Amino acid sequence: MINIQKALDLVLSQKQFYGAEEVPLTEAVGRFLAEDIFTDRDAPPFDRVMMDGIAIQLKDLNDPLRPNYPIQGIQAAGAPQMTLKAPDHCLEVMTGAILPQGTDTVIPYEEVEIKEGTAYVKIEKAIKRFVHGQGSDSPKGTLVLQKGKKIHPGDIGILATVGKSRVEVAKVPTLAIISTGDELIEIDEKPLAHQIRKSNVYNLWASLLQEGIHAERHHIIDDQKVLQTQLKILVQKFDVLLLSGGVSMGKFDYLPTVFENLGVQKLFHRVAQRPGKPFWFGYHEEFNTKIFAYPGNPVSTYVNHLFYFKQWLYASLGNSWTFETKELGEEMPGCPNLARFISVNLNSENGRVLPLNHNGSGDLFSLAQTAGFLLLPQREGVYRKGERFSFITIR
Ligand SMILES: Nc1nc2c(c(=O)[nH]1)N[C@H]1C(S)=C(S)[C@@H](COP(=O)(O)OP(=O)(O)OC[C@H]3O[C@@H](n4cnc5c(N)ncnc54)[C@H](O)[C@@H]3O)O[C@H]1N2
Ligand code: MOO
Ligand SMILES: [Mg+2]
């Protein structure tokens with residue numbers, strides 16, 4: 001049995017670039033950039049008025065203001081730049097307008113009173129210029145979004161402002177999620193006493209959807225022949241297969257044998273970790289298919305998916321999935337044989353985490369109570385109170 005680091009290294013050794021494609025900006029959120037994005041103009045592109053008010057010429061901010069300024073006209077946002085003709089006059093200006101030629105300072109409406117075409121100033125000195133200088137955010141040609149970045153809603157605004165109506169993003173692999181097990185029925189069926197509704201496939205499907213991947217769902221019964229026939233087709237058809245169940249020691253846990261018969265290269269089976277120990281991982285060389293076969297218990301499936309698959313996916317798409325760390329809220333005895341993913345709750349007062357009481361990896365409902373999993377490495381000594389460990393959030 002290998003340890004968790006070795007298992008992760010083997011999974012990451014199979015990272016794969018699936019090429020790039022262009023998508024409309026409106027479909028780019030959640031995808032991974034496959035190009036660097038630069039500003040195509042200065043940002044802001046002109047000296048931008050920051051307050052509604054009047055624009056005047058005031059060479060030195062310390063100089064006293066005039067008591068009043070006759071109004072020459074109005075500079076609206078979206079109108080070409082005007083020019084102040086006389087230096088002791090002013091132009092009314094609107095937020096977002098280009099600053100008129102010959103002016104350098106804006107006095108907000110709150111500080112003036114306008115009567116019969118003249119602005120009477122209520123203050124003696126200007127507060128500040130209230131001008132957002134051309135190029136002061138980023139000059140033209142600045143790298144603003146880097147290749148590999150996962151596109152967030154804020155990035156969509158950036159892409160829009162630099163004129164990217166179409167964006168190069170990394171192609172995602174084609175993916176099938178396959179549940180195995182004769183006890184599993186569809187969610188809209190009425191379970192008999194010995195049956196349960198399948199949940200893992202939906203859990204995984206939803207997790208992939210959050211990464212912009214629309215996976216197909218399949219189910220195969222616990223029959224070696226049927227498994228072999230159907231998996232043979234799926235191995236050829238998809239880039240990645242995610243399976244749950246059928247990888248432990250049971251009489252009907254056929255997957256390891258079936259994979260072997262199908263010529264799938266095993267990289268490991270069983271990792272020194274709890275939960276999720278019987279995890280099986282490999283690839284089919286000819287069809288270039290990666291196979292993640294998760295142990296069937298719901299928490300085991302999910303933990304392995306979040307830890308291994310997600311890191312593999314992000315690496316494949318030119319990014320890297322990193323974990324935040326959290327402080328453990330109480331001392332715990334060490335575990336010399338296994339690394340552990342413990343379900344934890346967050347103490348909102350001190351930001352530390354405490355183990356959640358639950359009934360092990362089959363306790364699906366514990367996922368509703370937990371904030372995430374804390375990764376406690378294999379170790380002889382204790383895990384100290386206040387010590388930091390990787391934390392996998394599920395919120
Ligand atoms: N003798 C041993 N028995 C078991 C071992 C072991 O080392 N020696 N490992 C245990 C561990 S740990 C786990 S985890 C499970 C893994 O089992 P399998 O991957 O073979 O999965 P199944 O036997 O098919 O099912 C286990 C459990 O999970 C439920 N399940 C499966 N798929 C789904 C699904 N899509 N949705 C919801 N629930 C699912 C299934 O009904 C079973 O209850 O083996 C232990 N045994
Ligand atoms: O490792 Mo199993 O995944 O403990 O339930
Ligand atoms: Mg089993």
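A polar contact here is a pair of N or O atoms within 3.5 Å. With that in hand, look at ligand 2 in this predicted model: one of its oxygen atoms sits 3.1 Å from a polar backbone atom of Lys-277. Below is a quick tour of that site, a helix pair and an annotated domain.

**Around ligand 2**
- The ligand's neighbours are Pro-275, Gly-276, Lys-277, Pro-278, Asn-297, Ser-300 and Ser-361.
- Sorted by class, that shell comes out as four polar residues, two nonpolar and one charged.
- Gly-276 also offers its backbone, with a polar atom there 2.5 Å from an oxygen atom of ligand 2.
- Asn-297 uses its side chain instead: an N or O atom in it is 3.1 Å from an oxygen atom of the ligand.

**Helices α1 and α6**
- Two packed helices are described by the angle between their axes and the distance between the axes.
- For α1 (residues 4-12) and α6 (residues 298-316), the axes come within 9 Å and cross at roughly 35°.
- The crossing of this pair is right-handed.
- On the α1 side, the contact is made by Ile-4, Ala-7, Leu-8, Val-11 and Leu-12.
- Facing them from α6 are Phe-307, Tyr-308, Gln-311, Trp-312 and Ala-315.
- Of the residues in this contact, nine are nonpolar, one is polar and none is charged.

**The annotated domain**
- UniProt, in an unreviewed entry, lists residues 176-315 as "domain: MoaB/Mog".
- In the model, that span is 35% helix and 26% strand.
- The C-alpha atoms at the two ends of residues 176-315 lie 19 Å apart.

Conventions:
Residues numbered from 1 in each chain as written. Chains lettered and ligands numbered in written order. Predicted model: local features only at pLDDT ≥ 70, side-chain atom pairs only at ≥ 80, totals over all residues. Heavy atoms only, no water. Axes fitted to C-alpha atoms, helices over the stretch in contact; angles between N-to-C directions. Helix = DSSP H or I, 4+ residues; strand = E, 2+ residues; numbered from the N terminus. Left-handed = near helix turned anticlockwise from the far one by under 90°. Contact = heavy atoms within 4.5 Å. Nonpolar A, V, L, I, M, F, W, Y, C, P; charged D, E, K, R; others polar. Near = heavy atom within 4 Å. Polar contact = N/O pair within 3.5 Å; in protein donor to acceptor, adjacent residues only side chain to side chain. UniProt positions renumbered as here; feature names shortened; annotations may be inferred.
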